[in-house]
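User: Please take a close look at one part of this model, the parallel sheet and the elements around it, and then set the internal cavities beside it. I would like one connected account that stays with what can be computed from the coordinates.

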Amino acid sequence: MPNTIKDSERAEGATAGAGVTEIIRVEDDRTGMSPEALERAVIDHLYYTCSKTQRSATPLDIFNAVAHAVRDRLVHRWLATKRTYSQHDAKRLYYLSAEFLMGRLLERNLVYLGVDGLAREILAKYGISYKDVIESEVDPGLGNGGLGRLAACFLDSMACHELPGYGYGIRYEFGIFHQVIQDGWQVEQGDAWLRYGSPWEVPRHEYTVEVNFGGHVVEGHDAEGRYRVRWVDTKKVLGVPYDIPCPGYGHNTVNTLRLWSARASREFDLEVFNDGDYRRAVEEKALSESISKVLYPKDETPQGKELRLRQQYFFVCCSIHDIVRRYKKYHDTFEAFPSKVAIQLNDTHPAITVAELMRVFIDDEGLGWDEAWDLTTQTVGYTNHTLLTEALERWPVEMFSRLLPRHMAIIFEINARFLSQVARQFPGDDARIGRMSLIEEGPVKQVRMAHLATVGSHSVNGVAALHSDLVRTELLPDFAEMWPERFNNKTNGVTPRRWLLLCNPQLADLITGVVGKSWVTELGQVEALLELAHDGATLDKLAAIKLENKKRLADIIHRTCNVRVPPTSLFDVQVKRIHQYKRQLMNCLYVISRFQAIKADPDGDHVPRVFIFGGKAAPGYAMAKLHIKLINAVAEVVNHDPVIGDRLKVVFIPNYNVSLAERIIPAADISEQISLAGKEASGTGNMKFAMNGALTLGTYDGANIEIRAHVGAENFFLFGLRAEEVTQVHAKGYNPREYIRRTPTLKRALDLIRSGYFSPDDQHRFAPVLDNIENADPYLVCADFDDYCRAHAEVDEAWREPREWQRRVIHNIANMGYFSSDRTIAEYAEEIWGLEPVTVELQADENE
């Protein structure tokens, strides 16, 4: 800090008449919030951090200079936050997640600090485009879909409401993958998001953690005769932490996202190198660092499965070590651990936390089993995110024992004690014991990670009302019967800062003009918009804002897809991970049927539509990738048919990510949320779309149910079987061909695909798609298709009444207060974590 007259101001000194000394005070360039201080800071970083002059600077240099100037202003709040938590010995929440889909951070940080307007003015002064600087930032490749985006929203809400929270994950070097569409096919390329570095992350080498794999377990007794276990002859990998600041809006709180990067414990074998074996000299480095290379490596092979397990244990081990280290700084015993630490598992990826925490308590800290188990179960909470059996992770016992022998022994012991408890509570029920065991018997014995998480937690929650009911009644019914008090619902939410304030500023300004600015952290206040539901001027403004957003998206579509789409058409959007249960195929089949209807009646009254798809398929998911090819093949035909013209357009926008979502979602008229009922845990895209004025066309599934209840059934286009009806259909023996026979529009669409109309170079290219839907149809596309078409007809009719459409839009926007992640986090904090807000006050030397 500079020499000061006041701690926050630098005196440069001047004198005035009549013997009066006039003091000129200049804010510190690192932390000052005035236009002059911020401008000096940017120029300073351009010169000293980027080693560039204004003349030689590239847009990336300007981005880095601005970002570092902003980071400076976050850092002293960040340090103040850490100091405050320590002084209060606050209970802290640790959110363990395999994904954190953060999105670009510069604009968020500028807005949260309240200096975005200043940044615009400063850049404009030098003839630099604010938009170009913001878009110079690369999306961090730390997630794939809803799971990672939810984690990012939760970090945002914790900071915005002054809750002491930390995120823990993996610093993936290449993220998920960069999606390129070549000849209609998805092609995966490395997502080198770190190729230019990141101005936000701060390496913390001093907190590097040693992670063990392999080896074997040695049992014995210590000098006092107590039974002890040692895990020996292991191979070691280092976990190096990188911290990213997570600021709160309008507060001084800056929480931390800590990501772990894998490094070899021995990077280079000089002796082997000197012997001429250059590859083997760096082999350990390559193998160790593969752990944090890629998010979700293909796991169809044993090597892929092993890498996935290594990843999960790696970041859990590092995180638990860090949590315990921080706790021990202020406590001599572990008696207070659950009152100072809460750990939330974001799905089953970090479920090994239960075994690792037990290992640390018993082996490293010398606690007895019962005490260690009590501390673990009081500390850990588990959020389930899926009902799909293939997504509930199971690891072969043989592989688990080889990689993590100590943890396997702990899990066996947990299981033995747990099953004894089950046998006492339900005597003679051997079938129940088999269903509840942590070990799945069979040709290949497997560890059931969802069971481990459930047994080792004090809370198990789903993420939407229907999903939580199904977790209790279908997924884990035996556990819910044994521990009904553990099971609860926490319906997901999304942050209105990212998903309205930042991505749709015109709509945000309209809302602020009606209700004031406090809606940004209290989204329920937007309900006041309902008073204007019949105000023509407001409805006209909403329509104009939507049209501007559609024009911007149309430009993006033209640049990325080389297709011109009319902004006045209805924009029908389905952007999400490509998976059969999300039923992009049903949407595509409807597009084909609409194409056929226009061809059959060119002079008919057809509402112009643009169908917009986007999303990534897992690299090993062949059927999902074939669906992408089919969508692009249909688009190629439809977009070049002169009879169709502008009445129907189809686009697949490549490499869907947070930044694209921020452009697509505000432009959508219809939000397709069409998963088979009972398969989508919650969904959060449905919330983002409705919050931005899109009407939902969806099934009675996940959070769709609650959205419909809040916005009104008349403002939601519902179709399809309900979850209980899906169960009944399967119970009776589902025959998709019978539904095809009764649905002529579906049959004609399938026949057109079969004819090779969309694949003239290979008539049989889509045969696997046809075979799957006609003979299996696991997600009941055929059963729901006719009702799906009916709902689309209702959409057309509603679109023909613009004033009524806008009234429905305002009802969607105004009733989304419940779906803020602020509400979700408040429920977690009160009902699961026992977390209280801690206000961060800047001290005098931090108050510039």
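The account below starts with the sheet, moves to a helix, and ends with the cavities.

Analyst: The model is predicted, and what follows should be read with that in mind. The sheet is open and is formed by six strands in the order β24-β23-β22-β25-β26-β27, with parallel pairing. At its edges stand β24 (648-653) and β27 (717-718), and because each has a single partner strand, one side of each is left without a neighbour in the sheet. As background, strands of a sheet pair through backbone hydrogen bonds, either parallel or antiparallel.

Within this order, strand β23 (residues 609-614) deserves the closest reading. Six of the six residues of β23 are buried, so the strand is largely enclosed by the rest of the structure. Its side chains can be split by direction: R609, F611 and F613 point one way, whereas V610, I612 and G614 point the other way, and all of them are buried. The list of buried residues thus includes an arginine, R609, alongside the phenylalanines F611 and F613 that point the same way.

The partners of β23 can be followed residue by residue. On one side, strand β22 (residues 570-575) runs parallel to β23 and is joined to it by six bridges. In this pairing F571 stands opposite V610, and V573 stands opposite I612. V610 and I612 both belong to the set that points one way together with G614. The connection between the two strands goes through helix α23 (residues 584-600), and this β-α-β crossover from β22 to β23 is right-handed.

On the other side, β23 pairs with β24 in the parallel sense, again over six bridges. Here G614 has I653 of β24 as its bridge partner. Helix α24 (residues 622-638) completes a right-handed β-α-β unit with β23 and β24.

Helix α22 (residues 536-561) can be described in similar detail. It has 26 residues and reaches 36 Å from its first C-alpha to its last, which is close to the 38 Å expected at 1.5 Å a residue. Its buried residues are T538, L539, L542, I545, K546, N549, K550, L553, A554, I556, I557 and C561. An α-helix has 3.6 residues a turn, so residues three or four places apart point the same way. Just after α22, N562 takes a positive phi of about 55°.

Turning to empty space, the structure holds nine cavities of 30 Å³ or more. The largest cavity has a volume of about 170 Å³ and is lined by 16 residues, of which E137, V138, G197, S198 and P199 lie nearest its centre. Helix α2 (residues 59-88) gives the most to this lining, with three residues, and by class the lining of the largest cavity divides into 11 nonpolar, four polar and one charged.

The second largest cavity contains about 110 Å³ of space, and its lining is made up of R104, L106, E107, I134, E135, E137, R498, L502, S659, E662 and R663. By class this second lining has three nonpolar, one polar and seven charged residues. At least two of its residues come from each of α3 (106-113), α5 (130-135), α20 (496-502) and α25 (658-664), and α25 supplies the largest share, with three. E137 appears in the lining of the second largest cavity and is also among the residues nearest the centre of the largest one.

Technical notes:
Residues are numbered from 1 along each chain as its sequence is written. This is a predicted model: local features need pLDDT of at least 70, side-chain atom pairs count only at pLDDT 80 or more; totals for chains, interfaces and linings use all residues. Side-chain values use heavy atoms; hydrogens and water are left out. On a 1 Å grid over the protein atoms alone, a cavity is a set of points where a 1.4 Å probe fits but cannot get out, and a pocket is an open set with protein on both sides within 12 Å along at least five of seven lines; lining residues have an atom within 4 Å of a point. Grid points are joined across faces, edges and corners, and a volume is the space filled by probe spheres set on the points. Helices (H or I, at least four residues) and strands (E, at least two) are DSSP runs, numbered from the N terminus. Ala, Val, Leu, Ile, Met, Phe, Trp, Tyr, Cys and Pro count as nonpolar, Asp, Glu, Lys and Arg as charged, and the others, Gly among them, as polar. Two strands pair if DSSP finds at least two bridges between them. The expected span of a helix is 1.5 Å times one less than its number of residues. Buried means under 20% relative accessible area, exposed over 50%, partly exposed in between (1.4 Å probe, protein chains only). A crossover is right-handed if, with the strands pointing away from the viewer, the path from the first strand over the helix to the second runs clockwise.
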